[in-house]
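Reader: I have a structure to go through, and I keep tripping over the labels people put on residues and helices. Could you take me through how each label is earned?
Author: Sure, let's look at it together.

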Number of protein chains: 2
Amino acid sequence: MSKTTPISEFLSKNRIIVDTYLEKHLPKEKEFAGQLVQSMRYSLFAGGKRIRPAMAMASFNVCGGQGEDIFFATSALEMLHTFSLIHDDLPCMDDDDFRRGKPTNHKKFDEATAVLAGDALCILAFQLLAKTNNAQCIQVMARALGTEGMIGGQMEDIQAEGQKADLKRVQFIHTHKTAALIEASLVIGALLADADDETIAILSAYGQKIGLAFQVVDDILDLEQTTEELGKDAGSDELKNKATYPAVLGMQKSKDCAQELKAQAIQKLEPLSGDTTILKELADFIVNRVN
Amino acid sequence: MSKTTPISEFLSKNRIIVDTYLEKHLPKEKEFAGQLVQSMRYSLFAGGKRIRPAMAMASFNVCGGQGEDIFFATSALEMLHTFSLIHDDLPCMDDDDFRRGKPTNHKKFDEATAVLAGDALCILAFQLLAKTNNAQCIQVMARALGTEGMIGGQMEDIQAEGQKADLKRVQFIHTHKTAALIEASLVIGALLADADDETIAILSAYGQKIGLAFQVVDDILDLEQTTEELGKDAGSDELKNKATYPAVLGMQKSKDCAQELKAQAIQKLEPLSGDTTILKELADFIVNRVN
C-alpha cells in the first residue's frame, strides 16, 4: 500500500519503534556462541509486520497507558512469536524452507542452532517481561503460550495432520495455536496501562475473535496466494492435509466466517470509552491482508 | 547406598516433596493435545536425582526461609533442567537414545513432540515462578538459562564438537551449560528467603564452584562408567569429540580439579552463620557420585 492511512501509518511507526527496542534488548555477539545471537537476529529482523506488538500498543493506548514498560512487553511478544515460527518451521514439525521470503532459520543455519535460537528467544522474552515487575503479565503470557495455549495448539496441529478434521478440532487448534497469543497481547497492553477488569475483559474478548480470524485468513491465503506473494510455501496446508477452516467448511464459508469474526470483534469494543479507531482498523487490516 | 546418611535422607525426602509438587503443578491430559502432557510427564518422572531443587531448598533453609513459594521455584528448576535434557538429546543436538536408563523423549514419542514438550516445560516453569510474585527470581532464572547462560553454553558445546578445544573454551561451555543453572538454584533459594546481598553472593560463589565441579565429574563419569551404570550412552563425549575437561587436561588432572573445586565451594560457605552441613554434603555428593 503506497497510500498512507491511519492504520498503515500506525503500523509503520510501530514497526520502527519495536525494531529499535528489539535492537536495544538483544545481546551482543561475543567470542563464544556467536552463532546463537546471529540466528536470533536473523529471524527477528526477517521482515515481520509486528502485529502482536501493534495489538499490545493499541490496547495500551486505548486504556490511556503511560510509561516505557510497554516496550519490554512489545519486544517480548515479537520474540515469542519468532520463537514459535522458528520451531514450527523445523523439519520435524512443518518442515518449511521459506519464511517471509527468506530461507527458514534451520536452512540458513542448522537445526541445532534453530532449536537453540527459539529457546533463547523464549527465555529472553520472559527476562524482558520480568523487567516490568508485573508478575500477572508473566502469568498471562505463560498461560497463552503453554499447554493451554500456543504449544498445545501446535501439538494438536501436528497430531491432526493427515487425519479427518472436524470444526471442533480445528477450532481448538486455531484458538490455541494463534488466537491465544494475540489475545494475550491485548490483555498485557491493558494490564500495563492499569486498566480495570471490565476493560481487560472487553479487550480479551476482542482478541479472541480477531485472533481466530487471523488464523482463518492465514488458511485462506495459503490456498489463494502464490508462494511469492506469501513469502512462504503456498498450498502447503493442503499438501500436508492440515486441519484448516477451508478443509472443514469450504472456501466461501471460511471467508464469511472471517468477516463475521471481524464484525464480532469490533462489536465487542463498543462499551469502551477511549478512541477505538486503531483497534477497529487493525481488525480490518488482519482480515483483508494479502500476506 | 543402603546406609542412611544425612545427605541421602535429605535427598530422598527432597525428591518426594519435589515430585508431589511437580504432580500438583502439571496440567491434566485433555481431549486434545494429550500427547504433549504425556511426554512432559514421561521425562519429568524418568528418575532424576532432583539436584537443582535440592540446591535451592538447601540455600532457602540455610537462609532461614519460610513459606511455600520455594516449591514453585523447585518445581520450575526441575522442569527447566528436564527441558534442557529433552532438547539436548534431540537428533540434531547430541542425538542420544537413552537417558536415565530409558529411551529419550524423541525415541519414546517423536521429534516434534520432544521439541514441544521441552518448550512447554520451559514456559510452565516461568508460569510457576511468576506465582512467587518475585520478578527478581524470574530475571535471575532467565539470565542463567539464555544466551548468557545454559543455551549459550549448549550452542558453544555444539559448535566446538570435532574441533580442538582449549581450557578457556571448555570452561566457557561448562560454566554456561551447567554451572549457571546450579548457581541460579542457590541464588533463587536465597532470594525467596529474603537473604541479604552478602549471603546471596556467598551462595552464588559456592554455586559457581560446585556447578562447574558437577560438569567436570559428568565428563569423568562419561569415560569411566558403563552405559548401564550411567543410564545413558557412556563414552559418547569421546566419540563425538566433545570439548571436555579430560580431553583438555587429561583424567588425573580433571579428577584433581573436581576435588579442588569442591574444596573451594565449601570454603566459600565459611562466613555463613546458618547450619551449612547439607550444603557441604551436597558438594561432596556431587563430586563423589557414580552416575
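Reader: How many residues of chain A are in contact with chain B, and what makes a pair count as a contact?
Author: In this predicted model, 41 residues of chain A are in contact with 41 residues of chain B. A pair counts if the C-beta atoms, placed from the backbone, lie within 7 Å.

Reader: Which elements of chain A give two or more residues to that side?
Author: They are helices H2 (34-44), H6 (111-130), H7 (135-145), H8 (150-160) and H9 (167-192) of chain A. H6(A) gives the most, with 12 residues. Sorted by class, the side of chain A that touches chain B has 25 nonpolar, 10 polar and 6 charged residues.

Reader: What confidence does the predictor give here?
Author: The complex gets an ipTM of 0.97 and a pTM of 0.97. For chain A, the mean pLDDT is 95, and 99% of its residues reach 70 or more.

Reader: Back to the helices. Why are H6(A) and H7(A) called roughly antiparallel?
Author: Their axes come within 9 Å and cross at roughly 155°. Angles over 145 degrees count as roughly antiparallel, so H6(A) and H7(A) get that label. The contact is made by Phe126(A), Leu129(A) and Ala130(A) of H6(A) together with Cys137(A), Ile138(A) and Met141(A) of H7(A). By class, that is 6 nonpolar, no polar and no charged residues.

Reader: And what makes H2(A) and H6(A) roughly perpendicular?
Author: Again, the angle decides. H2(A) and H6(A) pack at about 75°, with their axes 9 Å apart. The range for roughly perpendicular is 65 to 115 degrees, therefore the label fits H2(A) and H6(A). On the H2(A) side, the contact is made by Gln35(A), Leu36(A), Ser39(A), Met40(A) and Ser43(A). H6(A) brings Thr113(A), Ala114(A), Leu116(A), Ala117(A), Ala120(A) and Leu121(A). The contact of H2(A) with H6(A) has 7 nonpolar, 4 polar and no charged residues.

Reader: How do you know that the length of H15(A) agrees with what a helix of 12 residues should span?
Author: Take 1.5 Å times one less than the number of residues. For the 12 residues of H15(A), 277-288, that gives an expected 16 Å, and the end C-alpha atoms are 16 Å apart, so the two agree. In chain B, H15(B) also has 12 residues and reaches 16 Å from its first C-alpha to its last, close to the 16 Å expected.

Reader: Which residues of H15(A) are buried, and what do they pack against?
Author: The buried ones are Ile278(A), Leu279(A), Leu282(A), Ala283(A), Phe285(A), Ile286(A) and Val287(A). They pack against helices H1 (6-25), H3 (51-62), H10 (197-224) and H14 (251-268) of chain A. Over in chain B, the buried residues of H15(B) pack against H1, H3, H10 and H14 of chain B.

Reader: Why is His176(A) called buried?
Author: A residue needs 20 or more other C-beta atoms within 10 Å to be buried. His176(A) has 26, so it counts as buried. His176(A) sits in helix H9 of chain A. Leaving aside neighbours within four places in sequence, His176(A) is in contact with Gly149(A), Met150(A), Gly152(A), Gly153(A) and Glu156(A). The C-alpha atoms of His176(A) and Gly149(A) are 4.5 Å apart, though the two are 27 residues apart along the chain.

Reader: What makes Gly250(B) exposed, then?
Author: The cut-off for exposed is 12 or fewer. Gly250(B) has 11 C-beta neighbours inside 10 Å, so exposed is the label. Gly250(B) is in the loop between H13 (245-249) and H14 (251-268) of chain B.

Reader: Why does Arg100(A) count as partly exposed?
Author: With 16 other C-beta atoms within 10 Å, Arg100(A) falls between the two cut-offs, so partly exposed it is. Arg100(A) is found in the loop between strands E1 (98-99) and E2 (102-103) of chain A. Its phi is near 50°, a positive value in a residue other than glycine.

Reader: And why is Asn241(A) partly exposed?
Author: Asn241(A) has 14 C-beta neighbours inside 10 Å, so it counts as partly exposed. Asn241(A) lies in the loop between H12 (236-239) and H13 (245-249) of chain A, and has a positive phi of about 55° although it is not a glycine.

How values were computed. Residues are numbered from 1 along each chain as its sequence is written. Chains are lettered from A and ligands numbered from 1 in the order in which they are written. This is a predicted model: local features need pLDDT of at least 70, side-chain atom pairs count only at pLDDT 80 or more; totals for chains, interfaces and linings use all residues. pLDDT is the predictor's confidence in each residue, from 0 to 100. Two residues are in contact if their C-beta atoms, placed from the backbone, lie within 7 Å. Helices (H or I, at least four residues) and strands (E, at least two) are DSSP runs, numbered from the N terminus. Ala, Val, Leu, Ile, Met, Phe, Trp, Tyr, Cys and Pro count as nonpolar, Asp, Glu, Lys and Arg as charged, and the others, Gly among them, as polar. Axes are lines fitted to C-alpha atoms, for helices over the stretch in contact, and angles run from 0 to 180 degrees between N-to-C directions. Angles under 35 degrees count as roughly parallel, over 145 as roughly antiparallel, 65 to 115 as roughly perpendicular and the rest as oblique.
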